[in-house]
Amino acid sequence: MLPKVLVTRPLPGDALERLRREPLDLRLWEDEEPPPRPAFLASLSGVEGLLCLLTEGVDEEALAAAGSALRVVSTMAVGYDNIAVAACTRRGIPVGHTPGVLTETTADLAFALLLAAARRVVEAAEYVKAGRWRAWSPTALLGWEVHHATLGIVGLGRIGLEMAKRARGFDMRVLYHSRSRRPEAESALGLTFVPALHELLAATDFVSLHVPLTADTRHLIGAAELRAMKPTAVLINTARGPVVDQRALYAALRAGTIAAAGLDVTDPEPLPAGDPTLALPNVLVLPHIGSASLQTRAKMAAMAVDNLLAGLRGERLPHCVNPEVYR
Ligand code: DGY
């Protein structure tokens with residue numbers, strides 16, 4: 001019998017063709033929208049390899065639905081907060097992800113959001129489309145300067161570091177707060193480490209979040225942190241929605257506690273069209289497109305397939321989240 005493999009969405013690039021050439025019993029969820037939970041659970045039965053996206057919760061329930069046949073979980077994302085990694089490890093299942101290939105692409109988008117939120121780019125384009133551009137105005141659509149402003153990076157991992165490089169090109173002063181200090185980045189890019197998060201928040205014009213979502217980082221930015229920021233500050237989140245307490249952010253944007261926010265990720269996702277956050281003039285929300293370039297998404301899909309096939313062959317995954325599974 002061919003090994004049963006579930007792929008939870010059509011994939012970009014030639015990833016699916018590669019899988020179709022393999023001796024696999026390939027099951028593909030063909031919709032552009034994620035499988036509803038009951039359909040996902042039902043389709044896991046007897047699966048040996050799962051290639052999923054960040055929209056699928058691979059928790060204890062899903063692992064139980066898959067049963068003992070499951071040999072590898074491969075997510076087409078660098079973040080894996082949707083996967084119960086410890087439970088996979090306990091079952092001897094390696095989990096693959098796609099680090100590295102989306103770093104610069106995501107930093108590009110984070111910087112685009114920063115620029116757009118600061119200079120009110122989307123609002124200005126909508127103003128033109130609505131026929132409100134009658135004359136050059138000395139007072140309309142004034143935003144916040146980016147060049148020579150201070151950027152605070154929270155989480156100096158791969159993407160945070162790329163964000164710092166982009167900021168240097170705009171002559172920004174860059175502060176960072178991170179679990180571990182990076183002296184080599186400090187000297188190469190002129191970054192300043194700030195040990196206390198609140199101190200960084202109080203000192204910066206822009207705050208950009210680049211931490212993974214974990215129990216420690218859930219609601220890392222809440223009401224107290226928003227209050228610590230300058231009233232002219234702009235918050236950028238391209239990490240994970242729940243890193244920010246969305247209700248506290250809504251209240252802060254509404255009250256003018258901070259000036260604006262640019263969000264590529266929200267809590268929940270997708271943010272319903274009627275969510276009050278979307279009615280605020282000082283928030284720019286994108287539909288989680290940090291890694292959404294043609295080239296990067298094709299590379300992510302290829303890496304996810306590499307991880308999946310390695311797992312099915314019983315080989316070590318090239319990009320494994322839980323290498324302890326091999327001990
Ligand atoms: C990831 O990979 O974790 C991003 O959020 C989507 O590309």
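User: Happy to start with Ser291: in which loop is its place?

Analyst: Good place to begin, and keep in mind that this is a predicted model. One neighbouring element is β12 (283-285) and the other is α12 (294-312). The place of Ser291 is thus in the loop between β12 and α12.

User: Is Ser291 buried or exposed?

Analyst: The cut-off for a buried residue is a relative accessible area under 20%. Ser291 has a relative accessible area of 11%, so it counts as buried.

User: Which side chain forms a polar contact of 2.9 Å with the side chain of Ser291?

Analyst: Leaving out residues up to four places away in sequence, Ser291 touches Leu102, Thr105, Thr106, Thr296, Arg297 and Met300. The polar contact of 2.9 Å is a side-chain pair, and the partner of Ser291 is Arg297.

User: How many Å separate an oxygen atom of the ligand from an N or O atom in the side chain of Ser291?

Analyst: Ser291 is one of the residues around the ligand. Here the side chain of Ser291 supplies the N or O atom, and its distance to the ligand oxygen is 2.6 Å.

User: And how much of the area that the ligand exposes when taken alone does the protein bury?

Analyst: Taken alone, the ligand exposes 230 Å². Of that area, the protein buries 90%.

User: Which residue has a backbone N or O atom 2.8 Å from an oxygen atom of the ligand?

Analyst: Two backbone approaches are worth a look. For Val78, a backbone N or O atom lies 2.7 Å from a ligand oxygen. The value of 2.8 Å belongs to Gly79.

User: How many charged residues does the shell around the ligand have?

Analyst: The residues around the ligand are Leu54, Ala77, Val78, Gly79, Leu102, Arg240, His288, Ser291 and Met300. By class, five are nonpolar and three are polar. The number of charged residues is one.

User: Which backbone oxygen does the side chain of His97 reach at 2.8 Å?

Analyst: His97 sits in the loop between β5 (95-96) and α5 (103-118). Beyond four places in sequence, its contacts include Thr75, Ala77, Tyr80 and His319. The backbone oxygen reached by the His97 side chain at 2.8 Å is that of Val78.

User: Is His97 buried or exposed?

Analyst: A residue must fall under 20% relative accessible area to be called buried. His97 has 11%, so the class is buried.

User: How many Å apart do the C-alpha centres of domain 1 and domain 2 lie?

Analyst: The domain assignment gives domain 1 as 4-101 + 294-326 and domain 2 as 103-285. Their contact takes seven residues from domain 1 and five residues from domain 2. The C-alpha centres of domain 1 and domain 2 are apart by 31 Å.

User: Which residue is joined to Glu269 by a cis peptide bond?

Analyst: The loop between β11 (260-263) and β12 holds Pro268, and a cis peptide bond joins Asp267 to Pro268 with omega about 10 degrees. Pro270 is found between β11 and β12 too. With omega about -10 degrees, the cis partner of Glu269 is Pro270.

User: One last backbone point: what is the positive phi of His148, in degrees?

Analyst: Leu141 is found in the loop between α6 (121-129) and β6 (150-154), and its phi is near 55 degrees. His148 has its place between α6 and β6 as well, and counts as exposed at 56% relative accessibility. Although His148 is not a glycine, its phi is positive, at about 65 degrees.

Methods
Residues are numbered from 1 along each chain as its sequence is written. This is a predicted model: local features need pLDDT of at least 70, side-chain atom pairs count only at pLDDT 80 or more; totals for chains, interfaces and linings use all residues. Side-chain values use heavy atoms; hydrogens and water are left out. A residue is near a molecule or strand if one of its heavy atoms lies within 4 Å of it. A polar contact is a pair of N or O atoms within 3.5 Å; within protein, one must be able to donate a hydrogen and the other to accept it, and residues adjacent in sequence count only if both atoms are side-chain atoms. Accessible areas come from the Shrake-Rupley method with a 1.4 Å probe; for residues, only the protein chains shown count as cover. Ala, Val, Leu, Ile, Met, Phe, Trp, Tyr, Cys and Pro count as nonpolar, Asp, Glu, Lys and Arg as charged, and the others, Gly among them, as polar. Helices (H or I, at least four residues) and strands (E, at least two) are DSSP runs, numbered from the N terminus. Buried means under 20% relative accessible area, exposed over 50%, partly exposed in between (1.4 Å probe, protein chains only). Contact means heavy atoms within 4.5 Å. Domain bounds come from an automatic or database domain assignment.
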